[in-house]
Amino acid sequence: MRDDPYVITLVARATDGDQTAWDEIIERYSPLVWRIGLRYRLSPEDIADVGQKVWMLLVEKIGSLREPAALPGWLAKTTQNECLHVLGEARRHDHAELPPEDQMPTDHDTSLIEEEILLAERNAALRAALAELPHPCRELLSMMICDPPCKYEDISATLGMKMGSIGPLRARCLERIRRSPHLATIIRPRRGKG
């Protein structure tokens with residue numbers, strides 16, 4: 001992910017003051033900030049405060065990022081530091097008497113944070129790829145991935161298509177997603193095809 005040209009371009013645009021780029025950065029990486037806050041067992045209010053602090057720090061520091069493609073890592077580390085700050089403040093206010101199961105463990109596995117970064121990158125890329133699909137593809141795939149998935153009969157009735165057309169359309173839609181430039185850094189071409 002460190003060489004993701006899309007992230008590099010996004011950071012450059014945000015550095016130049018492009019509000020759309022800022023909005024996309026926040027939309028793309030807010031789930032990462034939120035999940036890290038949850039991992040630290042912060043309250044929703046504290047996670048919102050941490051997020052606000054992280055975004056404020058990014059506004060101050062974005063122009064000085066040495067590796068723009070490393071933005072997700074910078075956000076994860078900054079979020080982690082802010083979570084620890086919040087926990088430190090909370091511990092000063094009598095949390096030492098909590099039972100052990102309610103206390104935050106002191107060992108924060110960095111590999112878990114790296115997994116969160118990769119997950120955030122994959123999710124953002126997939127959302128971008130889905131957004132580029134034609135409306136019928138987006139509707140069909142959203143009906144098929146809901147929990148529980150819709151039955152073909154329901155999909156047929158909702159979308160006004162024959163049940164025999166659902167599978168082939170699904171295959172075409174998934175192939176369009178696989179070819180999306182947003183997923184180029186995530187999906188590697190399969191060997192032996194061609």
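Helix axes are here lines fitted to C-alpha atoms over the stretch in contact, and the angles between their N-to-C directions run from 0 to 180 degrees. Helices themselves are DSSP runs (H or I, at least four residues) numbered from the N terminus. The model is predicted, so that local features need pLDDT of at least 70 and side-chain atom pairs count only at pLDDT 80 or more, while totals for chains, interfaces and linings use all residues. Residues are numbered from 1 along each chain as its sequence is written, and side-chain values use heavy atoms, with hydrogens and water left out.

The axes of α2 (residues 19-39) and α3 (residues 44-61) come within 10 Å and cross at roughly 135 degrees. That angle makes α2 oblique to α3, since oblique covers what is left after under 35 degrees (roughly parallel), over 145 (roughly antiparallel) and 65 to 115 (roughly perpendicular). In contact terms (heavy atoms within 4.5 Å), the residues of α2 that meet α3 include Trp-22, Ile-25, Tyr-29 and Trp-34, and among their counterparts in α3 are Pro-44, Val-54, Trp-55 and Leu-58.

Ile-25 and Leu-58 reappear in the largest nonpolar core, a set of 29 residues within which they and Leu-71 have the most contacts. Such a core joins buried Ala, Val, Leu, Ile, Met, Phe, Trp, Tyr and Cys residues through side-chain atoms within 4.5 Å, buried meaning under 20% relative accessible area with a 1.4 Å probe, protein chains only. Two or more residues come from each of α1 (5-15), α2, α3, α4 (71-91) and α5 (110-132), and α2 gives the most, with seven.

Methods:
Buried means under 20% relative accessible area, exposed over 50%, partly exposed in between (1.4 Å probe, protein chains only).
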